[in-house]
Amino acid sequence: MVVYLIGAGPGNPELITLKAVKALNKADVVIYDRLANEKILEHAGEAKLIYVGKKAGEHYKSQDEINQIIINEAKDTSNNIIVRLKGGDPFVFGRGGEEILSLISEGIKFEVIPGVTSAIGVPTSLGLPVTHRGVATSFTVVTGHEDPTKNRKQVKWDYTADTIIVLMGIGKMKENTSEIMKYRDSKTPVCVIENGTLPNEKTIFGTLGDIGDKDINTPAILIVGNVIDVFKEIKGIK
Ligand SMILES: C[S@@+](CC[C@H](N)C(=O)[O-])C[C@H]1O[C@@H](n2cnc3c(N)ncnc32)[C@H](O)[C@@H]1O
């Protein structure tokens with residue numbers, strides 16, 4: 001028996017690894033999230049499917065409840081291969097570490113199969129380089145929605161990396177950009193990518209000063225920095 005913690009990639013169902021597909025092919029159970037593309041589940045054949053993401057009007061499963069579901073399935077002797085499928089990479093704002101720690105506490109065997117994180121795969125699939133010679137030698141990936149129940153705020157926005165990539169920040173766009181503007185010019189170019197790698201993908205350009213006024217839908221990421229000008233050049237946008 002083994003639990004595979006698998007990254008499903010950023011959205012497009014073909015952006016999953018071959019190793020992940022092989023694990024899904026032999027899975028007895030797949031426990032999956034909202035951001036994992038459901039087309040990927042076709043690789044799991046007759047496996048039992050357990051959805052643990054958000055559903056309108058229904059109780060939202062806590063992380064503890066999800067951990068317990070994985071443990072229960074792993075302890076069920078009729079299961080040999082359990083897949084925990086998460087959007088992007090399980091260890092990039094995916095709480096994969098917490099799930100692994102709960103498996104370790106029960107002595108359950110696991111393996112991690114990484115995925116293409118939306119933080120990098122969404123911009124790069126469009127031709128937006130997160131580093132570029134002479135323009136950006138570093139990037140930072142940060143949450144735009146820090147858990148409000150934390151007793152110590154960790155996001156300070158004074159990042160020295162050339163490119164800043166913000167996940168989960170759409171609901172707090174104005175708040176976040178005004179924090180970043182304490183350290184960067186309001187004219188700094190930015191770009192938002194909605195539904196990256198999916199058929200309804202949308203790119204919205206702006207500056208730190210005006211992106212908060214644009215109409216943006218989730219899931220989306222914000223990319224801040226001069227690499228946006230390189231991206232515009234690549235796309236032939238003035
Ligand atoms: C809870 S985090 C999970 C990230 C995931 N583990 C990863 O590595 O991509 C969810 C956030 O990822 C970003 N995201 C995920 N999929 C996306 C997509 N297809 N297009 C744009 N942003 C996406 C959004 O910022 C969203 O709020």
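Helices (H or I, at least four residues) and strands (E, at least two) are DSSP runs, numbered from the N terminus. With that in hand, welcome to the structure shown above. This is a predicted model, where local features need pLDDT of at least 70, side-chain atom pairs count only at pLDDT 80 or more, and totals for chains, interfaces and linings use all residues. Residues are numbered from 1 along each chain as its sequence is written, and side-chain values use heavy atoms, with hydrogens and water left out.

## Around the ligand

Let us start with the ligand. How many residues surround the ligand? There are 18, and the closest are Pro10, Val92, Thr117, Ser118 and Ala220. Here a residue is near a molecule or strand if one of its heavy atoms lies within 4 Å of it.

Which elements each supply at least two residues of this shell? They are α4 (118-125) and β10 (220-224). Seen by domain, the shell draws at least three residues from domain 1 (2-116) and at least three from domain 2 (119-235); these bounds come from an automatic or database domain assignment.

By residue kind, eleven members of the shell are nonpolar, six are polar and one is charged. In this count, Ala, Val, Leu, Ile, Met, Phe, Trp, Tyr, Cys and Pro are nonpolar, Asp, Glu, Lys and Arg are charged, and the others, Gly among them, are polar.

Some polar contacts can be followed atom by atom. A polar contact is a pair of N or O atoms within 3.5 Å; within protein, one must be able to donate a hydrogen and the other to accept it, and residues adjacent in sequence count only if both atoms are side-chain atoms. The side chain of Ser118 has an N or O atom 2.7 Å from an oxygen atom of the ligand. Pro10 takes part through its backbone, where an N or O atom lies 2.8 Å from a nitrogen atom of the ligand. A polar backbone atom of Met168 is 2.9 Å from an oxygen atom of the ligand. On its own the ligand has 580 Å² of accessible area, and the protein covers 88% of this. Accessible areas come from the Shrake-Rupley method with a 1.4 Å probe; for residues, only the protein chains shown count as cover.

## An aromatic pair

A search of the whole structure finds three aromatic pairs. Rings of Phe, Tyr and Trp (its six-membered ring) pair if their centres lie within 6.5 Å; planes under 30 degrees apart count as stacked, over 60 as edge-to-face and the rest as tilted. One of the pairs joins Trp157 and Tyr159 edge-to-face, with 6.4 Å centre to centre and 80° between the planes.

Are these two residues buried or exposed? Trp157 is buried at 4% relative accessible area, whereas Tyr159 is partly exposed at 23%. Buried means under 20% relative accessible area, exposed over 50%, and partly exposed in between (1.4 Å probe, protein chains only).

## A tour of the loops

Several loops have residues worth finding in the view above. The table gathers a few of them with their accessibility.

| Residue | Loop | Relative accessible area |
|---|---|---|
| Gly107 | between α3 (96-105) and β5 (110-113) | 68%, exposed |
| His43 | between β2 (29-32) and β3 (48-51) | 30%, partly exposed |
| Asn12 | between β1 (2-7) and α1 (18-25) | 26%, partly exposed |
| Asp89 | between β4 (81-86) and α3 | 13%, buried |

Distances between C-alpha atoms help to place these residues. Asp89 and Ser118 are 29 residues apart along the chain, and their C-alpha atoms are separated by 7.9 Å. For His43 and Lys22, 21 residues apart along the chain, the separation is 8.2 Å. Gly107 and Ile71, 36 residues apart along the chain, have C-alpha atoms separated by 10.0 Å. Asn12 and Leu208 are 196 residues apart along the chain, with 28 Å between their C-alpha atoms.

## Backbone details

Where does a cis peptide bond occur? Thr218 and Pro219 are joined by one, with omega about -5°. Pro219 sits in the loop between β9 (202-207) and β10.

Phe93, a residue other than glycine, has a positive phi, near 50°. Phe93 lies in the loop between β4 and α3 and is partly exposed, with a relative accessible area of 42%. Thr197 also has a positive phi, near 70°, and is likewise a residue other than glycine. The loop between β8 (189-194) and β9 holds Thr197, which is buried at 13% relative accessible area.
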